[in-house]
Amino acid sequence: MPAASPTLSFLPPAIARPVLIDGSFTIRIPLQMVNTSKQSFSFSAIGKFVGRRPSLEALEQWVTSSWSLTRPCLISLTEKGNFIFRFYSKEDRDDLVGHSPLIMDRRKLLSQPWSPGQDESIWLSETPIWIRLRGIPYHCWSSDILQSIATSIGKPLRLDETTVKQRMLSFAIVQVLLDVARASPRLLTMELEGEDSVIVEVQYERIPCSECLSAGHQSSTCPFGSKPGLVKTPAQDPMLIVPTSSRDPGI
């Protein structure tokens, strides 16, 4: 039996009565009421556990004891077994998403931004990866050409500062948004109009597993099992230039 709740003080809203359309009663909710309701989801993320999910109570306790938030977040369990995290600030939301995946008692929590109307069954299979491009002719060392080459691998995000300043021409370093659910090329043929073709070697920093988006193992040996619903969703981040000191180590 559901727990008792305080008595509701309900005032009928100023909206039209339901009307019968094509055999179904339809009620129209005014835009102002919808927008007011959306405000509590302004800085939201959706979380999905790979494998068996914890109870809502256990997750709330873990978040309270382990996360550093400016204010406590509201966690809700969805119909499809995912969790909606409603934060009070964009910084808290982005901090969660930026550190995805997280580990809770050997269970992996994947997270991504969420907004009303978004299909919660769609999950990103893309992750930022630093790559090295070897064999690029010196006279083709320009941001436009490097971006064009990187586009054949993923969505270009950033150029390493050393690459931009052309201080070292042995290889170019570019960060791309890589779809790990697809095959990643190791060699590219670069056709130069009016010149001979060139073979460009592509080296990847650490390609994560396509099942759990973690580095260190292949999808065939993923300890977290399969993750259904992994599909590609293009990102909209602009291409940036990042100083070498701000780049992740290891490449």
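**Notebook: strands, rings and one proline**

I started at strand β13, where M190 stands opposite V198. The model I am reading is a predicted one.

**Entry: β13 and its partners**

I looked up which strand M190 belongs to the pairing of: β12 (residues 187-190) joins β13 through four bridges, and the two run antiparallel. I then checked strand β9 (residues 126-134). Four bridges join β9 to β13, again antiparallel. In that pairing I found R134 with E201 of β13 as its bridge partner.

Which side chains of β13 are buried, and which are not? I went along residues 198-204 and saw the side chains alternate. V198, V200, V202 and Y204 point to one face and are buried. I199, E201 and Q203 point to the other face and are not buried. So I have V198, the residue opposite M190, on the buried face, and E201, the bridge partner of R134, on the other.

**Entry: β9**

I next asked how many residues of β9 are buried. Seven of the nine are, so the rest of the structure largely encloses this strand. β9 also pairs with strand β11 (residues 171-179), in the antiparallel sense, over nine bridges. There I noted L133 opposite A172 of β11.

One charge turned up here as well. R132 has its charged end over the ring of F171, 4.4 Å from the ring centre.

**Entry: P137**

I moved past the end of β9. P137 lies in the loop between β9 and α4 (143-151). Is P137 buried or exposed? Its relative accessibility is 15%. The cut-off for buried is under 20%, so P137 counts as buried.

I looked up what P137 touches. Leaving out residues up to four places away in sequence, P137 touches M190, L192 and V198. Two of these names I had already met: M190 and V198 stand opposite each other. I also took a distance to I199. P137 and I199 are 62 residues apart in sequence, and their C-alpha atoms are 9.9 Å apart in space.

**Entry: the five-stranded sheet**

I turned to another sheet. Five strands form it, open, in the order β4-β5-β3-β7-β6, with antiparallel pairing. β4 and β6 (102-104) stand at the edges with a single partner strand each, so one side of each has no neighbour in the sheet. From one strand to the next, the twist averages 30 degrees.

I checked one pairing by residue. β4 and β5 pair antiparallel over four bridges. S76 stands opposite I84 in β5. Helix α3 (residues 90-98) packs on this sheet and touches β3, β5, β6 and β7 (107-114). The direction of α3 makes about 20 degrees with that of β3.

**Entry: aromatic rings**

I counted the aromatic pairs and got five. F49 and F83 are one of them, edge-to-face, with 6.0 Å centre to centre and 85 degrees between the planes. Where do the two rings sit? F49 is in strand β3 (residues 43-50) and F83 is in strand β5 (residues 83-87), so I logged a link between distant parts of the chain, 34 residues apart. F49 and F83 are both buried.

I took W67 and F85 next. Their ring centres are 5.5 Å apart and their planes are at 35 degrees, so this pair is tilted. It too links distant parts of the chain: W67 is in the loop between α2 (56-66) and β4 (74-77), F85 is in strand β5, and they are 18 residues apart. Both W67 and F85 are buried. I found them again in one aromatic cluster, formed by W62, W67, F85 and F87.

I noted one more charge over a ring. R71 lies over the face of Y88, 3.7 Å from the ring centre.

**Entry: whole-chain figures**

I closed with totals. The secondary structure comes to five helices and 15 strands. Of the 251 residues in the chain, 35% are buried. I looked up the reach of the contacts: among those between residues at least 6 apart in sequence, 64% join residues at least 24 apart. The accessible surface comes to about 15900 Å², and 53% of this belongs to carbon and sulfur atoms.

Methods
Residues are numbered from 1 along each chain as its sequence is written. This is a predicted model: local features need pLDDT of at least 70, side-chain atom pairs count only at pLDDT 80 or more; totals for chains, interfaces and linings use all residues. Side-chain values use heavy atoms; hydrogens and water are left out. Rings of Phe, Tyr and Trp (its six-membered ring) pair if their centres lie within 6.5 Å; planes under 30 degrees apart count as stacked, over 60 as edge-to-face and the rest as tilted. Buried means under 20% relative accessible area, exposed over 50%, partly exposed in between (1.4 Å probe, protein chains only). A charge sits over a ring if NZ of Lys or CZ of Arg is within 6 Å of the ring centre and within 35 degrees of the ring normal. Two strands pair if DSSP finds at least two bridges between them. Axes are lines fitted to C-alpha atoms, for helices over the stretch in contact, and angles run from 0 to 180 degrees between N-to-C directions. Contact means heavy atoms within 4.5 Å. Accessible areas come from the Shrake-Rupley method with a 1.4 Å probe; for residues, only the protein chains shown count as cover.
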